[in-house]
Amino acid sequence: MAAVIRTILTVLFTIDSVLLIIVIMMQKSKDPGLGAIAGMNAADSYWSRNKGRSREGNLVRMTRVLGIIFIGLAICLNINF
């Protein structure tokens, strides 16, 4: 029975790892690049206020959830049962 549970956890860990990689790669870079020279405009302030409801906000939320699941599964897989 323990082998079946370990196999299921390993499969879930692998799926979570792949999803975490995909979600991280879909996010935009936080590096401002040459855009930092121009400064902040009205669109930036609108973007910062509504960031949680945007695609980027959803990706950040998904990254947090998948990261927590990743750590939880890693801990569970390290327990010898």
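**View 1. The one aromatic pair found in a search of the whole structure.** The model is predicted. Phe13 and Phe70 form this pair, and the two rings are stacked. A pair of aromatic rings is described by the distance of the centres and the angle of the planes. For Phe13 and Phe70 the centres are 4.8 Å apart, with 25 degrees between the planes. Because planes under 30 degrees apart count as stacked, the angle of 25 degrees places Phe13 and Phe70 in that class.

**View 2. The aromatic pair links distant parts of the chain.** Phe13 belongs to helix 1, residues 2-26. Its partner Phe70 belongs to helix 4, residues 55-78. The two residues are 57 residues apart. Phe70 has a relative accessible area of 28% and is therefore partly exposed.

**View 3. Surroundings of Val23 in helix 1.** Val23 has a relative accessibility of 5%, so this residue counts as buried. Leaving aside residues up to four places away in sequence, Val23 touches Leu59, Met62, Thr63 and Leu66. One of these contacts, Leu66, is 43 residues from Val23 in sequence, while the C-alpha to C-alpha separation in space is 9.0 Å.

**View 4. A nonpolar surface patch of about 500 Å².** The patch is made by Val11, Ile15, Val18, Leu19, Ile22 and Met26. Among them, Val18 is found in helix 1. With 45% relative accessibility, Val18 counts as partly exposed.

Definitions and conventions. Residues numbered from 1 in each chain as written. Predicted model: local features only at pLDDT ≥ 70, side-chain atom pairs only at ≥ 80, totals over all residues. Heavy atoms only, no water. Phe/Tyr/Trp six-rings, centres within 6.5 Å; stacked < 30°, edge-to-face > 60°. Helix = DSSP H or I, 4+ residues; strand = E, 2+ residues; numbered from the N terminus. Buried < 20%, exposed > 50% of the residue type's maximum accessible area, 1.4 Å probe, protein only. Contact = heavy atoms within 4.5 Å. Patch = residues over 30% accessible without salt bridge, like charges linked within 9 Å, V, L, I, M, F, W, Y side chains within 5 Å. Areas by Shrake-Rupley, 256 points an atom, 1.4 Å probe, with all protein chains shown as cover. Salt bridge = Lys/Arg side-chain N within 4 Å of Asp/Glu carboxyl O.
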